[in-house]
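User: I am new to reading protein models and would like to learn how to make sense of individual features. Could you take me through this one step by step?

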Amino acid sequence: MPGALLRNRTFDELAIGDTASLVRLVTDDDIQLFAAMSGDVNPTHLDAAYAATDMFGHVVVHGMWTGGLISSLLGTQLPGPGTIYLGQDLRFRCPVSPGDTITAKVTVSAKHADQHIVVLDTVCTNQHQIQVLNGTATVVAPTERISMPRAAAPDVTVHRHDRFAHYIQAARKLPALVTAVVHPCSPEAISATVDAWQDGLMVPVLVGPRRKIEEAASTAGVSLDGLRIIDVEHSHAAALHAAALAASGEVDALMKGSLHSNELLEAVVAPAAGLRTGRRISHVFLLDVPTYPRPLLVTDGAINIAPTLAHKRDICQNAIDFAHRLGITTPRVAVLAAVETVETTMQATLDAAALTMMAQRGQLTGALVDGPLAFDNAISPAAARTKAIVSPVAGIADILLVPDLEAGNILAKQLIHLSGADAAGLVLGARVPIILTSRADSLRARLASVALARLTVQTRLDQ
């Protein structure tokens, strides 16, 4: 506990039969943290459905988590600070489950004066007094007394990223998405493509210089066996050819490889490409923010640099329609600004007020739209209450419509890098979805982006 002291027992002070113990309640977070720390993601510990078919019939705690309680006792209580752990023999007697209360106990059983070696019996029992672990520890005991403040254990939050799982599982039930992957000439781009292919989400058509694609695959250590490659000269030609494949219906989606986003999008919006609709194209991030209780969409942080009110209307409607495809029947759109009041000197507040009125007049459909709202009032019920904001959107937004690209890009990246969010994303407003992945994306985020494109295509087919 904070403020307590750690005091050891020297070799000379220890006597046969001396004992120390600690008690810990096992939680799901303990399992998640141990898995993250050790890399042990055995489904017996993490997957309830799999564990139900295993010999115990339920999730069990990692055995070495329980063994770690013994290490804690030796290092902090008996003998305590200055102890050198030489060896441990462990026998696991009974599974430990979340919700169990485990008592760990060490008892001095032998001393060897020549090297200050101490042997201790070690045992852990559950709340039913059943031994779950026993064994013997061998340590070198300290020879000098130590008394020091007990360090506070770090505060740790378990970030469970599970909101993408629903979309990925739903997409896996559909036919794989035939996707033109444009200029996948870097190891990261080709690895992302092969990951989605092997997962069954996508049938890639690789469009780019064959030699560079094969070199990237070799560097990444992945095989291209079974994949179709359309050999073109350079990235610009790859973008044009991929757009033509989409326009002809030969592929259902486009995916950015290692070319610049602008180069791909210029090919898409070119009048001759035949991929434009009546809408302006825009980008939407779907964020799985561990500290937010629902999926969060942020738009537009990648394409429209300084959107006008007309542009924002399209950006907003694109995001609303996309939310519908994700099963959010009446998404709540917060139009962001720096303040909650309309200020004639702040264009973002004027646009927000106009968009709110446009929604009331039917110029934006399928959502509740309100603004201007500052970020805190859009996502925090407490902040909205404190400022006495009465709104069907404040504090519970599903979609954040940002003033411009810089604001959206900064907001999304702050949530990713400071809040531990995962981010998938799509370009909307064209005849086919466009997948924009980043080299920094996790495998989960890359698969989620492909899954979102698959669900978008299926929704269009069903309409």
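**Reading the helices**

Analyst: Helix α6 (residues 187-198) makes a good start, because its twelve residues should span 16 Å at 1.5 Å a residue, and its end C-alpha atoms are indeed 16 Å apart, which agrees. Please keep in mind throughout that this is a predicted model.

User: Which residues of α6 are buried?

Analyst: As a general idea, an α-helix has 3.6 residues a turn, so residues three or four places apart point the same way. In α6 the buried residues are Ala 189, Ile 190, Ser 191, Ala 192, Thr 193, Val 194 and Ala 196. After the helix comes Gly 200, which has a positive phi near 85°.

User: How many residues does helix α4 have, and what does it reach from its first C-alpha to its last?

Analyst: Helix α4 covers residues 63-76, which makes 14 residues, and it reaches 21 Å from its first C-alpha to its last, close to the 20 Å expected at 1.5 Å a residue. Its buried residues are Trp 65, Thr 66, Gly 67, Leu 69, Ile 70, Leu 73 and Leu 74, and these pack against one helix, α1 (28-38), and against the strands β2 (19-25), β3 (84-92), β4 (101-112), β5 (117-125) and β6 (131-140).

**Reading the cores**

User: Which residues touch the most other members in the largest nonpolar core?

Analyst: That core holds 56 residues, and the ones touching the most other members are Leu 206, Leu 224, Phe 322, Val 333 and Leu 452. Helix α15 (residues 443-462) gives the largest share of this core, with eight residues. Apart from it lies another core, of 29 residues, and Phe 11, Leu 14, Leu 73 and Ile 102 are among them.

User: What does Leu 206 touch, if residues up to four places away in sequence are not counted?

Analyst: With those sequence neighbours set aside, Leu 206 touches Val 181, Pro 184, Ile 190, Thr 193, Ile 213, Leu 224, Leu 227, Arg 228, Ile 229 and Ile 230. Two of these names, Ile 190 and Thr 193, also appear among the buried residues of α6.

**Reading the cysteines**

User: How many disulfides does a search of the whole structure find?

Analyst: In general, a disulfide is a covalent bond between the sulfur atoms of two cysteines. Here a search of the whole structure finds zero disulfides. The cysteines can still be read through their surroundings, and Cys 316, for example, is buried with a relative accessible area of 1%, while Cys 185 counts as buried at 18% relative accessibility, because the cut-off for buried is under 20%.

User: Is Cys 124 buried or exposed, and where does it lie?

Analyst: Cys 124 lies in strand β5, and at 0% relative accessibility it counts as buried. Leaving out residues up to four places away in sequence, Cys 124 touches Thr 66, Ile 70, Ile 102, Thr 103, Ala 104, Ile 130, Gln 131, Val 132 and Leu 133. The C-alpha atoms of Cys 124 and Asn 134 are separated by 6.3 Å, although these residues are ten residues apart along the chain.

User: Where is Cys 94, and what does it touch?

Analyst: Cys 94 is placed in the loop between β3 and β4, and at 27% relative accessibility it counts as partly exposed. Again without residues up to four places away in sequence, Cys 94 touches Ile 130, Gln 131 and Val 132.

**Reading the backbone and the rings**

User: Which residues are joined by cis peptide bonds?

Analyst: A cis peptide bond joins Leu 78 and Pro 79, with omega about 0°, and Pro 79 lies in the loop between α4 and β3. The peptide bond from Gly 371 to Pro 372 is also cis, with omega near 5°, but Pro 372 lies in strand β15 (residues 368-373).

User: Where is His 116 found, and where does Gln 129 lie?

Analyst: His 116 is found in the loop between β4 and β5; its phi is near 60°, a positive value in a residue other than glycine, and at 30% relative accessibility it counts as partly exposed. Gln 129 lies in the loop between β5 and β6 and has a positive phi of about 65° although it is not a glycine, and Gln 129 is exposed, with a relative accessible area of 63%.

User: What lies over the face of Phe 11?

Analyst: Lys 111 lies over that face, at 4.4 Å from the ring centre, whereas a search of the whole structure for aromatic pairs finds zero.

Definitions and conventions: Residues are numbered from 1 along each chain as its sequence is written. This is a predicted model: local features need pLDDT of at least 70, side-chain atom pairs count only at pLDDT 80 or more; totals for chains, interfaces and linings use all residues. Side-chain values use heavy atoms; hydrogens and water are left out. A nonpolar core is a set of buried Ala, Val, Leu, Ile, Met, Phe, Trp, Tyr and Cys residues joined through side-chain atoms within 4.5 Å. Buried means under 20% relative accessible area, exposed over 50%, partly exposed in between (1.4 Å probe, protein chains only). Helices (H or I, at least four residues) and strands (E, at least two) are DSSP runs, numbered from the N terminus. Contact means heavy atoms within 4.5 Å. The expected span of a helix is 1.5 Å times one less than its number of residues. A disulfide is a pair of cysteine sulfur atoms within 2.5 Å. Rings of Phe, Tyr and Trp (its six-membered ring) pair if their centres lie within 6.5 Å; planes under 30 degrees apart count as stacked, over 60 as edge-to-face and the rest as tilted. A charge sits over a ring if NZ of Lys or CZ of Arg is within 6 Å of the ring centre and within 35 degrees of the ring normal.
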